[in-house]
Amino acid sequence: MSASVKESLQLQLLEMEMLFSMFPNQGEVKLEDVNALTNIKRYLEGTREALPPKIEFVITLQIEEPKVKIDLQVTMPHSYPYVALQLFGRSSELDRHQQLLLNRGLTSYIGTFDPGELCVCAAIQWLQDNSASYFLSRKLVYEPSTQAKPVKNTFLRMWIYSHHIYQQDLRKKILDIGKRLDVTGFCMTGKPGIICVEGFKEHCEEFWHTIRYPNWKHISCKHAESVETEGNGEDLRLFHSFEELLLEAHGDYGLRNDYHMNLGQFLEFLKKHKSEHVFQILFGIESKSSDS
């Protein structure tokens with residue numbers, strides 16, 4: 001790593017100060033954890049030993065022409081700006097394809113920055129300067145050329161862990177989003193709650209941001225697997241649809257949502273889908289094969 005975590009966090013605080021000066025009105029910069037900056041300052045001062053949570057926030061940008069709003073969702077890894085920033089722009093005025101193209105353009109632009117360079121302000125400027133064309137082009141028509149090079153896409157599989165998933169409306173939301181975005185995988189309800197989502201990178205990242213924001217805090221992406229492909233990615237999928245996974249549970253769950261899922265059954269499920277290696281990543285427990 002090019003710099004220590006403390007040096008990176010100091011730079012992050014500096015960039016946050018710049019952002020608050022650029023967007024002074026209440027609600028323009030919405031921190032996911034309102035205590036995030038205070039905890040980082042305490043960590044840097046030595047009054048907090050544990051590494052503070054990552055800075056995560058949403059900035060609402062007003063685009064003048066056309067008059068629309070873009071929400072820029074930002075996650076700063078602890079070692080940013082020496083590692084890549086996580087950015088995602090969304091707007092209710094963009095259809096799925098337009099939003100995909102917008103984020104591809106934004107990601108490509110941010111990729112030109114050298115490690116150590118702060119880039120949130122630059123990303124905001126890029127959106128203000130370049131986003132209009134994505135809104136104005138309501139339908140983009142592509143005529144493939146016989147000499148065109150194959151387009152490479154990134155196929156992504158994300159393994160997401162939550163302390164629990166119980167609520168009926170949340171379960172419905174997860175399934176609806178999964179089916180809308182043309183991703184495959186599963187959502188294991190209960191305690192713990194596990195979600196696997198696979199598909200093109202842009203679709204998986206949109207799924208992740210949509211279910212996570214605005215207020216699902218006890219959830220994390222434990223592992224991600226990606227591969228470049230020139231095809232549609234169908235041969236890379238381990239799952240054929242996006243479904244809810246219901247397993248047997250241990251404990252008293254007649255009156256309380258306090259039951260643990262049968263992890264033995266879950267391990268067998270992972271084996272059937274060539275994903276046994278993820279068990280240890282998710283739970284820190286080495287899987288024991290029933291064949292040995």
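Helices (H or I, at least four residues) and strands (E, at least two) are DSSP runs, numbered from the N terminus. With those labels in hand, you can work through this predicted model one exercise at a time.

**Exercise 1. Find where Lys274 sits and describe its backbone.**

Step 1. Begin at helix H8, which covers residues 263-272. Lys274 belongs to the loop that links H8 and H9.

Step 2. Look at the backbone angle. Although Lys274 is not a glycine, its phi is positive, at about 55°. Most residues other than glycine have a negative phi.

Step 3. Check the surroundings. With a relative accessible area of 71%, Lys274 is exposed, because the cut-off for exposed is over 50%.

**Exercise 2. Compare this with Asp182, another residue with a positive phi.**

Step 1. Asp182 is in the loop between helix H6 (168-180) and E6.

Step 2. Its phi is about 60°, although Asp182 is not a glycine.

Step 3. The relative accessible area of Asp182 is 47%, so this residue counts as partly exposed: it falls between the limits of 20% and 50%.

**Exercise 3. Locate the cis peptide bonds at Pro81 and Pro192.**

Step 1. Recall the usual case: most peptide bonds are trans.

Step 2. Go to Tyr80 and Pro81, which are joined by a cis peptide bond with an omega of about 15°. Pro81 is part of the loop between strand E3 (68-76) and E4.

Step 3. Move on to Lys191 and Pro192, where the bond is also cis and omega is about 0°. The loop between E6 and E7 holds Pro192.

**Exercise 4. Stay in the loop between E6 and E7 and decide whether Thr189 is buried or exposed.**

Step 1. Thr189 is found in that loop.

Step 2. Its relative accessible area is 4%, so Thr189 is buried, the cut-off being under 20%.

Step 3. See what surrounds it. Leaving aside residues up to four places away in sequence, Thr189 touches Ile165, Arg171, Glu244, Leu245, Leu246 and Met261.

**Exercise 5. Work out which side of helix H8 its buried residues occupy.**

Step 1. Pick out Phe266, Leu267, Phe269 and Leu270, which are buried in H8.

Step 2. Around the helix axis these residues span an arc of only 160°, and therefore they lie on the same side of H8.

Step 3. Find what covers them. Among the covering elements are E5, strand E6 (184-188), strand E7 (193-200), strand E9 (242-245) and helix H9 (278-283).

**Exercise 6. Describe the largest pocket and say where it lies.**

Step 1. Start with its volume: the largest pocket holds about 990 Å³ of space.

Step 2. Find the centre. The lining has 38 residues, and Lys54, Thr75, Leu85, Gln86 and Leu87 are the closest to the centre of the pocket.

Step 3. Sort the lining by class. There are 21 nonpolar, 7 polar and 10 charged residues.

Step 4. Trace the elements. At least two lining residues come from each of strand E4 (86-90), helix H3 (96-110), strand E5 (153-162), helix H7 (201-212) and strand E8 (219-229). H7 gives the largest share, 5 residues.

Step 5. Place the pocket. Both domain 1 (5-137) and domain 2 (153-283) contribute to the lining, so the largest pocket lies between them.

**Exercise 7. Do the same for the largest cavity.**

Step 1. Count first: there is 1 cavity of 30 Å³ or more in the structure. The volume of the largest cavity is about 50 Å³.

Step 2. Name the lining: Phe88, Arg96, Gln99, Leu100, Asn103, Glu202, His203 and Glu206. By class, these comprise 2 nonpolar, 3 polar and 3 charged residues.

Step 3. Match residues to elements. H3 and H7 each give at least two residues to this lining, with the largest share, 4 residues, coming from H3.

Step 4. Place the cavity. Since domain 1 (5-137) and domain 2 (153-283) both supply lining residues, the largest cavity lies between them.

**Exercise 8. Follow the contacts of Lys173 along the sequence and in space.**

Step 1. Find Lys173 in helix H6. Lys173 is partly exposed, with a relative accessible area of 31%.

Step 2. List its contacts beyond four places in sequence: Lys173 touches Thr210, Ile211 and Tyr213.

Step 3. Take Thr210 as the example. Lys173 and Thr210 are 37 residues apart in sequence, and their C-alpha atoms are 9.6 Å apart in space.

Conventions. Residues numbered from 1 in each chain as written. Predicted model: local features only at pLDDT ≥ 70, side-chain atom pairs only at ≥ 80, totals over all residues. Heavy atoms only, no water. 1 Å grid on protein atoms, 1.4 Å probe; cavity = no way out; pocket = protein on both sides within 12 Å on 5 of 7 lines; lining within 4 Å. Points joined across faces, edges and corners; volume = space filled by probe spheres on them. Nonpolar A, V, L, I, M, F, W, Y, C, P; charged D, E, K, R; others polar. Domains from an automatic or database assignment. Buried < 20%, exposed > 50% of the residue type's maximum accessible area, 1.4 Å probe, protein only. Arc of directions from axis to C-beta. Contact = heavy atoms within 4.5 Å.
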